[in-house]
Amino acid sequence: MKQLVVLSGKGGTGKTTVTASLAQLLKPVVLADCDVEAPNLHLLLSPQTDDSFPLKVSRKARIDPDLCTACGACAESCRFGAITTGDPYRVDAFRCEGCGVCGFVCPEEAVDFFETDGAQVYRGMTPYGPMVGAELAVGEEASGKVVTRVRMEAQLTAHEAGLPLVIVDGSPGTGCPVIASLSGADLTLIITEPSLSGLHDLERILQVAEHFGIPTIAGINKCDIVPELADRIRKRCGELGIEVAAEIPFSGEVVEALRGRRPPVGNVPPEVEEPLRRLALVIEERTAVATG
Amino acid sequence: MVIAVAAGKGGTGKTLVAVNLALALHRAGLETALTDADVEEPNGHLFVKPAISEREDVTISIPRIDEELCDRCGECSSFCAYGALATTPARVLLFDELCHGCGGCTMICPLKAISEEERVIGTIERGRTPEGMGFTHGVLEIGEPKASPIIAAMKERLDPGVVNVVDCGPGTGCAAMTTVQGSDVCLMVTEPTPFGLHDLLMAVKMAEELGVPSLVVANKDIPGDTEVKRFCAEHGLEIALSIPFSMETARLTSSGINLVDTGEEWQRTFYSLYERITPMVGRGSV
Ligand code: SF4
Ligand code: SF4
Ligand code: SF4
Ligand code: SF4
């Protein structure tokens, strides 16, 4: 079983559209929506949810006002500025990282810890194969943990169903959830767009992929918006030996398909579909898996 | 005053709104500073081209274990909430990327075998744009998972005497929360796609939980589209500004040209956005 991770330095480059198209073209596959802070893939692939379970991802401290003597030891030791002084002392749950230091230093045993709701992990079925995803509770962090869990469930599902490929729709950015999306991947596909920010973010995400030593290919979406910048992306990829496996022109019909929640392949014009098909072939070759 | 510009997802035009609003205010004579808190992908500088005059490293303290003193009792690794330490018969291993720098292990070690050293996780850069507007951004080191310490450090350095326009990272995770917390008002930038609405709702919930009032900016708005409008009406959200979708705008911003540079009209539009924001200041519940 191989894992393809689709990433984009920044959001809005069309990563989810490409992921959905690849699911259509390479089916049957297992899909893992690891864009846990803004999961969108389900909007295009409409999975029927089979089951879901809550995942506790972080703990928070809580101070018992009856026991607290306002001695100040906890606030002094908390490196995240999560404790507000006063009578009684309080924990700001948004800042608290659950490190446990306050509980350790409190002489009155006034601190205890509770698990927050965290995330809901679900498994479902799309017309293109099983899908695993998660909804993160608002303000929940540690999404790296959630990503790791979603990927694990997807891998298990692939083993159980005997499917050769897991497509991971990764998080935007270069932080914790992205790192969790990438580790152990077989191939990274970076979706970029010809804009100054697209170029800037491409550099950062390429460095991350390189840092983890994962083979990388690229796709340029909306490649005709600013041709000079598309050239610069091609050139940069050339210098780094990264194959540009797809150049997808801008099309209002893609936006329309998205707005209608229709999966791309079959609903977008041929000049958009053709590069997506080529991309699917390149991926098949690079991951060398036989798909149906 | 702190105006946070947020969005449930990336690519909605958050930076476009933050940059043009800041420039419009600065050009109208208000003392303004643009802070780009999207530390994973800071792009604001591409649009305002600041000269960076100060750089400051942001560090966290990570443990250093003295193997001579350590007897592998394992107290440190069982305390660490993030699994950043592992005790083996031979030594205690630290997984740098997992350590939050809480200091707990140093405190707990019965043999005082742990000291701390600073680890750079990012940089804050400050300067002014050619036209004199204040500019700050934070840059997270590549491969570094935690953005919050950098954002927290940037927020500590905001000048309360000026209008601060703060461009937040996308999403509703800890980085966006840390940025929005304590702001006077939050501008939620959205786009009229099902994605946009789904994520807008998440972002609005986040601001609500933080007690920061929000206003919506509808970007890439399409005439006749009522989805965003209906949604906002249903959820009691005020659309403070609507930026119509146009190929021209997409081309301009992709090339790093700001809307306010293209004419008086955008300058006025963004200034009126500010005028709609000011009455909201102080209305938050925190
Ligand atoms: S658990 Fe850690 S972060 Fe949370 S309040 Fe206690 S010391 Fe601060
Ligand atoms: S250390 Fe314990 S007793 Fe002291 S202020 Fe904190 S919670 Fe209260
Ligand atoms: S607590 Fe101290 S002595 Fe015990 S394993 Fe950790 S470093 Fe070594
Ligand atoms: S400083 Fe805190 S997070 Fe880092 S290793 Fe020690 S206990 Fe774990």
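## Aromatic pairs

In this predicted model, B:Tyr271 and B:Tyr274 are three residues apart in helix α10 (residues 264-277) of chain B, so about one helical turn separates them. A search of the whole structure, taken over all chains, finds three aromatic pairs. The pair formed by A:Phe104 and B:Phe79 is edge-to-face, with 6.1 Å from centre to centre and 65 degrees between the planes. This pair joins two chains, because A:Phe104 lies in helix α4 (residues 101-105) of chain A and B:Phe79 in helix α3 (residues 75-79) of chain B. The two tyrosines of helix α10 in chain B supply another of these pairs: the ring centres of B:Tyr271 and B:Tyr274 are 5.8 Å apart and the planes stand at 50 degrees, so the pair is tilted. That angle falls between the limits of the other two classes, since planes under 30 degrees apart count as stacked and those over 60 as edge-to-face.

How do the partners stand in terms of burial, buried or partly exposed? A:Phe104 has a relative accessibility of 38% and therefore counts as partly exposed, whereas B:Phe79 is buried, with a relative accessible area of 15%. In the tyrosine pair, B:Tyr271 is partly exposed at 25% relative accessibility, while B:Tyr274 counts as buried at 9%. The assignments follow because buried means under 20% relative accessible area.

## A charge over a ring

Chain A also places a charged side chain against an aromatic ring. A:Arg59 lies over the face of A:Phe113, and its distance from the ring centre is 4.4 Å.

## Chain B overall

Chain B contains 10 helices and 11 strands. The chain has 286 residues, of which 58% count as buried. Its exposed area is about 11300 Å², and carbon and sulfur atoms supply 52% of that area.

Contacts in chain B can also be viewed by sequence separation. Among those between residues at least 6 apart in sequence, 74% join residues at least 24 apart. One pair of glycines shows how far apart in sequence two neighbouring points of the model may be: B:Gly11 and B:Gly196 are separated by 185 residues in sequence and by 9.7 Å in space, C-alpha to C-alpha. B:Gly11 is found in the loop between β1 (2-6) and α1 (14-27) of chain B, and with a relative accessible area of 26% it is partly exposed.

## Ligand surroundings

Ligand 2 is surrounded by 13 residues, and the closest are A:Cys68, A:Cys71, A:Gly72, A:Cys74 and A:Cys106. By class, this shell around ligand 2 comprises 10 nonpolar, two polar and one charged residues. Ligand 3 also has 13 residues around it, the closest being B:Cys70, B:Cys73, B:Gly74, B:Cys76 and B:Cys109. The shell of ligand 3 divides into nine nonpolar, one polar and three charged residues.

Which residues lie around ligand 4? Among them are the cysteines B:Cys80, B:Cys99, B:Cys102 and B:Cys105. The list around ligand 4 further includes B:Pro63, B:Tyr82, B:Ala84, B:Leu85, B:Leu94, B:His100, B:Gly101 and B:Gly103. The shell of ligand 4 has nine nonpolar and three polar residues, with no charged residue.

## Backbone features

Two cis peptide bonds in chain A precede prolines. One joins A:Lys27 and A:Pro28, with omega at about 0 degrees; A:Pro28 is found in the loop between α1 (15-26) and β2 (30-33) of chain A. The other runs from A:Asp87 to A:Pro88, with omega near 0 degrees, and A:Pro88 has its place in the loop between β5 (83-84) and β6 (90-91) of chain A.

Where do non-glycine residues with positive phi lie? A:Arg261, which is not a glycine, has a positive phi of about 55 degrees. A:Arg261 is in the loop between α9 (252-259) and α10 (270-287) of chain A, and at 42% relative accessibility it counts as partly exposed. In chain B, phi of B:Lys49 is near 45 degrees, a positive value in a residue other than glycine. B:Lys49 sits in the loop between α2 (44-48) and β3 (51-65) of chain B.

Conventions:
Residues numbered from 1 in each chain as written. Chains lettered and ligands numbered in written order. Predicted model: local features only at pLDDT ≥ 70, side-chain atom pairs only at ≥ 80, totals over all residues. Heavy atoms only, no water. Helix = DSSP H or I, 4+ residues; strand = E, 2+ residues; numbered from the N terminus. Buried < 20%, exposed > 50% of the residue type's maximum accessible area, 1.4 Å probe, protein only. Contact = heavy atoms within 4.5 Å. Areas by Shrake-Rupley, 256 points an atom, 1.4 Å probe, with all protein chains shown as cover. Near = heavy atom within 4 Å. Nonpolar A, V, L, I, M, F, W, Y, C, P; charged D, E, K, R; others polar. Phe/Tyr/Trp six-rings, centres within 6.5 Å; stacked < 30°, edge-to-face > 60°. Lys NZ or Arg CZ within 6 Å of the ring centre and 35° of its normal.
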